[in-house]
Amino acid sequence: MENNIMLDQNIELQSEDLEVPFFSLATIVIATNNFSSDNKLGEGGFGLVYKGTLTDGHEIAVKRLSRSSIQGLNEFKNEVILIAKLQHRNLVRLLGYCIEGDETMLIYEYMPNGSLDSFIFDETRAKVLGWSIRFNIICGIARGLLYLHEDSRLRIIHRDLKASNVLLDSKMNPKISDFGMARIFGGDQTEGNTERVVGTYGYMAPEYAIDGLFSVKSDVFSFGILLLEILSGKKNRGFIHPGQSLNLVAHAWNLWKECRPLELLDTCLEDCCIILEFVRCLHISFLCLQQHHEDRPNMSSVVMMLHGESSLPEPKEPASFIGKKLSLSSKKKSASTNEITITLLEAR
Ligand SMILES: Nc1ncnc2c1ncn2[C@@H]1O[C@H](COP(=O)(O)OP(=O)(O)OP(=O)(O)O)[C@@H](O)[C@H]1O
């Protein structure tokens, strides 16, 4: 038992699983100025996130598991084992972990520009992201996801891709974060099923939200939503358009059918956008948002399509139920402490 770290009665980490360095609590306390509120970067489902500076000057981000979070312990374990094996310029690097006394923490490279949602959904900050930066962000997210799905040693389904899980480095390069929900597939496995649907309302593919079926194609669907949000500067969840009751997907599709795609463009991009690239991105988003997962492209096709290296098939009408309430009588819906993450459980 000496080599094992007990997290609670049910969760046990084998120290040989941990390929990342251990940070002592004393190191983190010094780096974060004793978790000072000035160092607070934000808060997610896992708990509070702090900025820290190590004695050698390296900047870090520390995710401190909130004590009440049992779910967080599972996510912690998942993240430590999984992300440590991954290395790609479009994924946030896990630098280490700390388990000491009551404290459970993950230590990441620090992303000075924070998360993508804090730019695209903010009228003033959105102006910082001109077209070429946005297109670079879109391509980087696509490459990061492709690495997870096909290029790493493992096949990984992220399951919670969204704007707040994309962080930006000092040069506005995107890095996918938050692997707490991710699942590894072995060998030829392409699809998984869960009774515990976790993810974020507004980004979930229909087959995942309704039947708990997840695959690389459910991540492709979330990518499609994220793409629409980056192009339009509008949130899919809670989208409001004067005089309409449509969600963002349905609104975008109507504009597309009426040959008015440019009306979707974030107004702050009007002067700098390369129209051909914008229209191509919008076209790709509809392909990613197809109702049936077999009609969606995989991420390697998406990457090729983004670079104009592959022709684009005609999209069918995308799945747009996501703006409506998930009124599933056979399922029990429960909201987690994080207001934008929902959990759906099959009724027993
Ligand atoms: N490596 C990092 N560098 C800089 N800021 C970070 C880093 N990781 C997280 N943050 C900040 O902390 C906030 C909370 O992050 P966290 O990943 O815990 O939650 P979230 O993604 O917002 O929500 P959820 O837990 O539902 O996925 C982020 O929005 C971001 O601003």
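Which residue of strand 7 stands opposite valine 62? Isoleucine 107 does. Keep in mind that everything here comes from a predicted model.

## Strand 5 and its two partners

Let's start with strand 5, which covers residues 59-65. Five of its seven residues are buried, so the rest of the structure largely encloses this strand. It has a partner in strand 4 (residues 47-53), and the two pair in the antiparallel sense over seven bridges. In that pairing, valine 49 of strand 4 sits opposite lysine 63 of strand 5. The two strands make a hairpin, with five residues in between. If you look at the turn, you'll find glycine 57, with a positive phi of about 95°.

Strand 5 also pairs with strand 7 (residues 103-109). That pairing is antiparallel as well, and five bridges hold the count. This is where the opening pair belongs: valine 62 on strand 5 faces isoleucine 107 on strand 7.

## Two domains and what lies between them

The chain splits into domain 1 (2-109) and domain 2 (117-344). Where they meet, 19 residues of domain 1 are in contact with 23 residues of domain 2. Interface size is often quoted as the accessible area lost when the parts come together. Here, domain 1 and domain 2 bury about 1,800 Å² between them, and 56% of that is on carbon and sulfur atoms.

On the polar side, six residue pairs are in polar contact between the two domains, both residues of each pair being at pLDDT 80 or more. Which helix gives the most to the side of domain 1 that touches domain 2? That's helix 2 (residues 70-83), with six residues. The rule also finds two salt bridges across the interface. As for lysine 63, the residue facing valine 49, its side chain meets that of aspartate 178 in a salt bridge, at 3.1 Å from N to O.

## Helix 7, mostly under cover

Over in domain 2 (117-344), helix 7 spans residues 248-257. Eight of its 10 residues are buried, so to speak of it as mostly covered is fair, since buried means under 20% relative accessible area. The buried set is Leu248, Val249, Ala250, His251, Ala252, Trp253, Leu255 and Trp256. Helix 6 and helix 8 (275-288) are among the elements that cover them.

Both ends of helix 7 have a detail to look at. At its start, a side-chain oxygen of asparagine 247 comes to within 3.1 Å of the backbone nitrogen of valine 249. After the helix comes cysteine 259, with a positive phi near 55°.

The loop leading from helix 6 (216-232) to helix 7 holds lysine 234. This lysine is partly exposed, at a relative accessible area of 37%. Lysine 234 is 177 residues away from glycine 57 in sequence, and their C-alpha atoms are 38 Å apart in space.

## Glutamine 290, a buried loop residue

Is glutamine 290 buried or exposed? Its relative accessibility is 3%, so it counts as buried. You'll find it in the loop between helix 8 and helix 9 (299-306).

The side chain of glutamine 290 has backbone oxygens to reach for. One belongs to phenylalanine 286, at 2.9 Å. Another is the backbone oxygen of lysine 316, which lies 2.8 Å from a polar atom of the glutamine side chain. Leaving out residues up to four places away in sequence, glutamine 290 touches Phe221, Asp295, Arg296, Pro315, Lys316, Glu317, Pro318 and Ala319.

## Positive phi away from glycine

Most residues other than glycine have a negative phi. Asparagine 34 has a positive one, about 55°. It's in the loop between helix 1 (25-31) and strand 3 (40-43). With a relative accessible area of 54%, asparagine 34 is exposed.

Arginine 159 isn't a glycine either, and its phi is positive at about 75°. The loop between strand 8 (155-157) and strand 9 (166-168) is where arginine 159 sits. Arginine 159 is buried, with a relative accessible area of 7%.

Terms used:
Residues numbered from 1 in each chain as written. Predicted model: local features only at pLDDT ≥ 70, side-chain atom pairs only at ≥ 80, totals over all residues. Heavy atoms only, no water. Helix = DSSP H or I, 4+ residues; strand = E, 2+ residues; numbered from the N terminus. Buried < 20%, exposed > 50% of the residue type's maximum accessible area, 1.4 Å probe, protein only. Pairing = 2+ DSSP bridges. Domains from an automatic or database assignment. Contact = heavy atoms within 4.5 Å. Buried area = accessible area lost by both parts, 1.4 Å probe. Salt bridge = Lys/Arg side-chain N within 4 Å of Asp/Glu carboxyl O. Polar contact = N/O pair within 3.5 Å; in protein donor to acceptor, adjacent residues only side chain to side chain.
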